[in-house]
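Here's a quick tour for anyone meeting this protein for the first time. Have a look at the sequence and the model, then read on.

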Amino acid sequence: MSASVVVFDYGSGNVRSAVRALERVGASVTLTARADEALAADGLVVPGVGNFHACMAGLRAADGARIIEVRLAGNRPVLG
């Protein structure tokens, strides 16, 4: 059984490339902005490209900072 991985779509980053790369190595990938899916997945990928300030603004608007914090507090994998 392959790991379920969410690529978090918060409006920044090259999400399509991240999805394709993960699928290529056998992960079951979901692209979503939904917090419940991001919290439930085996792994979370938070892609980021460009201006750090813009990425953080997007993450805050999508509740991404809380999602990452909850996952890390529970020793759940996050790749950013």
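## Just past helix 3

Let's start with D63, which follows helix 3 and has a positive phi, near 65 degrees. Keep in mind that this is a predicted model. There's a similar story to tell at helix 1: just after that helix, G26 takes a positive phi of about 100 degrees.

## The two faces of helix 3

Which residues of helix 3 are buried? They are C55, M56, G58 and L59. These four sit on the same side of helix 3, because they cover an arc of only 160 degrees around the axis. Flip to the other side of helix 3 and you'll find H53, R60 and A61, which are exposed.

What do the buried residues of helix 3 pack against? Their partners are strand 1 (4–8) and helix 4 (64–73).

A57 also belongs to helix 3, which spans residues 52–61. Is A57 buried, exposed or partly exposed? With 40% relative accessibility, A57 counts as partly exposed, because buried means under 20% and exposed means over 50%. If you want a sense of distance, A57 and S17 are 40 residues apart in sequence and 22 Å apart in space, going from C-alpha to C-alpha.

## Helix 1 has two faces as well

Now for helix 1, residues 15–24, where V15, A18, V19 and L22 are buried. They cover an arc of only 100 degrees around the axis, so they end up on the same side of helix 1. Why can residues spread along a helix share a side? An α-helix has 3.6 residues a turn, so residues three or four places apart point the same way.

The other side of helix 1 has R16, R20 and R24, and these are exposed. As for the buried residues of helix 1, they pack against strand 1, strand 2 (28–32) and strand 3 (43–45).

## Two nonpolar cores

The largest nonpolar core is a set of 12 residues: V6, F8, Y10, A38, A41, L44, V46, C55, M56, L59, I67 and I68. Strand 1, helix 3 and helix 4 each chip in at least two residues of this core. Helix 3 gives the largest share, with 3 residues. There's also a second, separate core of 9 residues, with V5, L22, V29 and V45 among them.

Back in the largest core, A41 is one of the members. Setting aside neighbours within four places in sequence, A41 is in contact with S4, V5, V6, R71 and R76.

Notes
Residues are numbered from 1 along each chain as its sequence is written. This is a predicted model: local features need pLDDT of at least 70, side-chain atom pairs count only at pLDDT 80 or more; totals for chains, interfaces and linings use all residues. Side-chain values use heavy atoms; hydrogens and water are left out. Buried means under 20% relative accessible area, exposed over 50%, partly exposed in between (1.4 Å probe, protein chains only). The arc is that of the directions from the helix axis to the C-beta atoms. Contact means heavy atoms within 4.5 Å. A nonpolar core is a set of buried Ala, Val, Leu, Ile, Met, Phe, Trp, Tyr and Cys residues joined through side-chain atoms within 4.5 Å.
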